[in-house]
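Colleague: Could you take me through one part of this model up close? I'd like to start inside the protein and then work out to the RNA.

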Amino acid sequence: MTGGELCASCGAEVGRTRDGLCPECWYSAPERPKPVRDRFEKLRALEAAGYEPFAYGFEVTDSLRGARERHQAQSTGAPDEEMRVRVAGRILSLRDLGGSAFAHLGDRDGRLQVYFKRNVLSERDAALLDLLDLGDWIGVSGALFTTRTGELTVRVEELVLLAKTLRPLPLGKEEVTGDGERVVHGGFSDRESRYRQRYADLAVNPEVRRMFALRTRIVSGLRAFLDARGFLEVETPILQPLYGGAAARPFTTHHHALDTRLYLRIADELYLKRLLVGNLERVYEIGKDFRNESIDRTHNPEFTMLELYQALADYRTMMELTEEMVTTVLGEACGTLRLSWEGREVDLTPPWRRVPYRELVLEEAGVDIASASDGELRRAAREAGREDAASLSRPALVDALFSAKVEPGLVAPTIVYDYPIEMSPFAKPKRGDPTLAERFEVVVGGHELVNAFSELNDPVDQWRRFAEQAARREAGDEEAQGFDEDYLRALEYGLPPTGGLGMGVDRLVMLAAGQDAIREVILYPILRPGEEA
RNA sequence: GCGCCGCUAGCUCAACUGGCAGAGCAACGGACUCUUAAUCCGUAGGUUCUAGGUUCGAUUCCUAGGCGGCGCACCA
């Protein structure tokens, strides 16, 4: 007697019921869709007949794609060669012709037809065939042959059930047109359902699997590129007593044992630069940052950032590095540098255009930010559609102009450099012009992709910048930097001249994959908790 | 946070100015031993997102809420 809940239908004791029911009653309840009840019945029939509906493994000779490739490599053009394979996958389609049946199996990156001929199968395997459903995982062995219609197919001699599905997958029907093009009919396309049930999305939509494989290639490519140049990959704290390195509202949490407030990092910047003080002269980190801001097509509250820092370098070095890194990695991952994003052609072929920030604002907004009065800036910002121009500070006005008039038009990759220094609390002043910072951003397809600068390494100057930020914070700007004394202490030990950059990895993947929504490139994007299925 | 749009069977979608809630796929029964969006015959499947309201009658109109999509604002 453990005091578990009782099934409202059959009275069986269960640790935890669903809708008041034990598993047996729940899967058989009339509220379940018919396909679920049918499958559960088949599951019990399988068990009764001595089949193992959830196997422990299956040795294959080839992946589905591998079988096809091996066949092609060994093929001499003669018909019906005897090449035996043992393969496994999900049943994606099933056409039962009575005495025989065809099915397509799908695995992570392949698809292969299998052919069941009842008088070839053992009685036991033939009986199993009747209990299969779309979505089930099976393993088969047999010889490859080509059907009359020319499709490579396994003639199944042995059939093994690997995992029974109790819920129908939202499979569409795939048509191969005369041109060899694949058209999916029906299918699973509702964005909300796809994000909430990403497992079903992945299982059913191979292009989604391909997209995430591309993402992985890109991230691996970034690592390989940096590792080859002597950068050390490191991990810095996600839970931080002070947040900084960017302007954003943080997530807050609490540590019980220390009884202290902690923040989820909004950037890696300050911890990474401390490592250069410690003579780890080239470091990078690829990890999640967290910003407690709204969610839209290009923003998810947790997102992946690459930050890297290189000693004895400045922002010019970073321009070279960025251009080479992005073109190398995307070139390898995508096979081309001519991409299409949000309906526009984006050609990443280097060299990228480099333009001073001030010049772009002058060109596109008609305002010289070096000489314009506050009033002129305000007027221009209002013309650009900013109703709240009257309440904005000078740097905010300039930024509003840039965002509204300049950024959307920068389709080809553009290195925008020399930002106003007020907007850049961690960047060194520009040599020869202390009103500017040695900072650049890369804008592609109208979106900011990279932010980089010659890192500020003068502790006294950094102190003043922190003080300005602190004043802003006291004035109610929640996104202003906190005053980080430990970081100042680190700078006092001597940060070498350093170039650093941050790149939004999700956006890089969006660009590479031609996706218009960040949620398409994040496996589990944030959603409001929804109803249970 | 604001505005617009959406939510109907497991999936993809219909249902006119308010009048018995439908189709295709999937499922189930049957036929078919080279099919491929297989085909043919038959069957079953619904809290129309939720709660109120108007009405003889609401998937449809109204109010509030939930979730989502798109846009704006925010995100230096």
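**Around Leu348, and out to the RNA**

Modeller: Happy to, and keep in mind that this is a predicted model. Let's start at Leu348: leaving aside residues up to four places away in sequence, Leu348 touches Val326, Thr327, Leu330, Leu337, Leu339, Pro413, Val444 and Leu511. Leu348 also sits in the largest nonpolar core, a set of 51 residues. Leu348 is one of the residues with the most contacts inside that core, along with Ile218, Leu222, Met325, Leu330, Phe440 and Met503. So much for that one; there's a second, separate core too, with 28 residues, including Tyr51, Leu132, Val156 and Leu161.

Now zoom out for a moment. The domain assignment of chain A lists domain 1 as 6-48, while domain 2 comes in two pieces, 208-352 and 412-520. Measuring over C-alpha atoms, the centres of domain 1 and domain 2 are 51 Å apart. The C-alpha trace of chain A spans about 90 × 70 × 50 Å along its principal axes, and its secondary structure comes to 15 helices and 23 strands. Chain A has 533 residues, and 47% of them count as buried. Among its contacts with a separation of 6 or more, 61% are between residues 24 or more positions apart.

On to the RNA. RNA strand B is surrounded by 50 residues, and the closest are Asp38, Thr149, His299, Asp399 and Arg519. Of the strand B atoms that come within 4 Å of the protein, 62% belong to sugar and phosphate. If you sort the residues near RNA strand B by class, you get 24 charged, 14 polar and 12 nonpolar.

A few individual contacts are worth clicking on. At Thr147, a polar side-chain atom lies 3.0 Å from a base oxygen of RNA strand B. Asp190 uses its backbone instead: an N or O atom there is 3.2 Å from a phosphate oxygen of the strand. Ala247 also has a polar backbone atom by a phosphate oxygen of RNA strand B, at 2.4 Å. As for which elements give two or more residues to the surface near RNA strand B, they are helix 2 (34-48), strand 3 (83-96), strand 4 (100-106), strand 5 (111-117), strand 8 (173-176) and helix 5 (191-196).

Technical notes:
Residues are numbered from 1 along each chain as its sequence is written. Chains are lettered from A and ligands numbered from 1 in the order in which they are written. This is a predicted model: local features need pLDDT of at least 70, side-chain atom pairs count only at pLDDT 80 or more; totals for chains, interfaces and linings use all residues. Side-chain values use heavy atoms; hydrogens and water are left out. A nonpolar core is a set of buried Ala, Val, Leu, Ile, Met, Phe, Trp, Tyr and Cys residues joined through side-chain atoms within 4.5 Å. Buried means under 20% relative accessible area, exposed over 50%, partly exposed in between (1.4 Å probe, protein chains only). Contact means heavy atoms within 4.5 Å. A residue is near a molecule or strand if one of its heavy atoms lies within 4 Å of it. A polar contact is a pair of N or O atoms within 3.5 Å; within protein, one must be able to donate a hydrogen and the other to accept it, and residues adjacent in sequence count only if both atoms are side-chain atoms. Helices (H or I, at least four residues) and strands (E, at least two) are DSSP runs, numbered from the N terminus. Ala, Val, Leu, Ile, Met, Phe, Trp, Tyr, Cys and Pro count as nonpolar, Asp, Glu, Lys and Arg as charged, and the others, Gly among them, as polar. Domain bounds come from an automatic or database domain assignment.
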